[in-house]
Amino acid sequence: MSDSEQSVYAKRTKTIHYGSLEESDRWHVERKDNDADGSGKTDYSQLTTSDYMALDEDVAKEKAALLEEFERRKKARLIHVSTDDGEVKSALRKLNEPICYFGEGPADRRLRLKELLSAYVSLFEPVFIFLTNPSIARLGEKGLPAAKPAKEEEKPKREQKETNESTWYHEGPESLRLARFWIANYSLARAKTRLEEASEKVRQHSATKAGRMVELQKRIQQLAPQCSQVGDTRPITGCRINEDSTLLLTCSLSSLCKVWSVPDCTLKQTLRGHKCNVSDVAFRPGVANDSKSEVAMASCSFDGSVKLWAYDGEESIADISGHVPHRVAKLAFHPSGRFLGTACYDASWRLWDLEQKQEVLHQEGHTKAVHCIAFQVDGSVCVTGGLDGFGRVWDLRTGRCIMFLEGHLSAIYGVDFSPNGYHIASGSQDNSCKIWDLRRRQMVYTIPAHTNLISDVKYQKNGGNFLVTSSYDKTAKIWSDKTWQPLKTLSGHDGRLVGVDISHDSQHIVTASYDRTFKLWAWD
């Protein structure tokens, strides 16, 4: 057969057998017997049997019960039962049923009420039960519950829910209006300067930028502890380096704050006045080291007190008591030095005007305690992180929340703005550090940074080329800005790290630990 010829295949027909082969054989045998008798007639009545026409009684009962159960469940889905546990108990009581079984929760109790009502519906079809009100009347002698139409009862609840969820505003004080105008004028000039510097960096040759980054990474690899100092008799809770990188401020659970010199770490000043554990400290920008009777530092404590300090005394020159009795976890100065932001455990954060000497903003928005706060380099916006696992970016010129940081699985304990003005870093109890882009309003990267919760995060202040995170796993880690790769691990503390900071000249990194010591890291 040639290749051009087509082969024709005969399709084999499929043999279909009807009925039982045993019956067919029996019929053939009987037919042969009849033929042998010589009758010549075929009895076709033998082809049918009554054994396959009638259903077994037990099978029929099971199928009927199953169909009845399906119908009952279908009717149960049509019954609307209130989600209020009190109304469910009231309905059960009116049905003369136990309002609670041992180990029964609200969801189980609601399901049991649905099952009971579906049984009533099967008795009185077609009936649809809408149980929305605690007052449940009885219909007829059988005690079938009846209720008012759902639309009439749910209308006031719907209106109340819309009222609670709607955005509302109230008139702020005159001091807030003045502060917002001042912040707008201040931030616009700084934003212009920042954008001009960013344009100059873009015009630089890529080889030049790559060479600088390689040199920086080599210097980071040479980081070593320059000084390790016992800071207090109790664990240290925070640390900060001032603007000219010559002073270091620490706080501890002993209610004392101490000022140290950099880089020799000698004690220069002890600040006394707190009556409870001090949780955080901050240097005020733009204040000279030799200034007198001027607010240069701030501290906050677990009892809700905030104190302002000067360089020439051990006693506070002003106290802020608007948070009592709630804990103030973190605080930060506005880049201008005029405003002070505080994160409070009453689920709010405050903005204080040091020139007007009053609170100009009491901002709510978090569902749990607010733990950390940081200002953008321009001073136009700030970011807060809370124990609810969410962060919020606030526009200080309008008071609106312009970005919602959603992605962490647990509480946020540290936030910071990059010097570029649009990148935000957040450290969480879920052991990760997330990078957010304010321009795109979304998360851009997640760093699986540590094996325990992250207590603080800090960007390099004069370029933002690297990021430092501190953790309860007793280490601090340095990460590159673009690729988010680990560059160096700072280990040596015997206790969990609670704070970290980078000097403005990028020459020193300080870490504070629960082992009562702080370490100053520098290039070899």
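## An exposed arginine and its buried partner

R439 counts as exposed, with a relative accessibility of 56%. In this predicted model, the side chain of R439 meets that of D437 in a salt bridge, with 3.2 Å from N to O. D437, by contrast, is buried, and its relative accessible area is 2%. The cut-offs explain the two labels: R439 is called exposed because its value of 56% is over 50%, and D437 is called buried because its value of 2% is under 20%.

## Other salt bridges

The count of salt bridges comes to 18. One of them links R338 and D353, whose closest N and O atoms are 3.0 Å apart. R338 belongs to the loop between strand 14 and strand 15 (339-344), while D353 belongs to strand 16, so this pair ties together parts that are 15 residues apart in sequence. Both partners are buried: R338 has a relative accessible area of 9%, and D353 has one of 1%.

A further salt bridge joins D85 to K89, and here the closest N and O atoms are 3.8 Å apart. Both residues lie in helix 3 (residues 85-94), with a spacing of 4 residues, or about one turn of the helix. D85 is partly exposed at a relative accessible area of 24%, and K89 is also partly exposed, at 28%. D85 and K89 also belong to a network of salt bridges that includes E104, R109 and R112.

## A sheet of four strands

An open sheet is built from 4 strands in the order 5-32-31-30, and the pairing is antiparallel. Strand 5 (223-230) and strand 30 (497-502) stand at the edges; each has a single partner strand, so one side of each is left without a neighbour in the sheet. From one strand to the next, the twist averages 20°.

Strand 30 and strand 31 (residues 508-513) run antiparallel and are joined by 5 bridges. Within this pairing, G499 stands opposite A512 of strand 31. The loop between strand 30 and strand 31 contains S506, a residue considered again below.

## Unusual backbone geometry

Most residues other than glycine have a negative phi, and most peptide bonds are trans. Several places in this model depart from that pattern.

S506 is not a glycine, yet it has a positive phi of about 60°. S506 is buried, with a relative accessible area of 7%. K357 is likewise not a glycine and has a positive phi, of about 55°. K357 is found in the loop between strand 16 (348-353) and strand 17 (358-364). Unlike the buried S506, K357 counts as exposed, at 74% relative accessibility.

Two peptide bonds are cis, and each leads into a proline. The bond joining V262 and P263 has an omega of about 15°, and P263 sits in the loop between strand 8 (257-261) and strand 9 (267-271). The bond from V324 to P325 has an omega near 5°. P325 is located in the loop between strand 13 (318-320) and strand 14 (328-333).

Definitions and conventions. Residues are numbered from 1 along each chain as its sequence is written. This is a predicted model: local features need pLDDT of at least 70, side-chain atom pairs count only at pLDDT 80 or more; totals for chains, interfaces and linings use all residues. Side-chain values use heavy atoms; hydrogens and water are left out. Two strands pair if DSSP finds at least two bridges between them. Helices (H or I, at least four residues) and strands (E, at least two) are DSSP runs, numbered from the N terminus. Axes are lines fitted to C-alpha atoms, for helices over the stretch in contact, and angles run from 0 to 180 degrees between N-to-C directions. Buried means under 20% relative accessible area, exposed over 50%, partly exposed in between (1.4 Å probe, protein chains only). A salt bridge is a side-chain nitrogen of Lys or Arg within 4 Å of a carboxyl oxygen of Asp or Glu.
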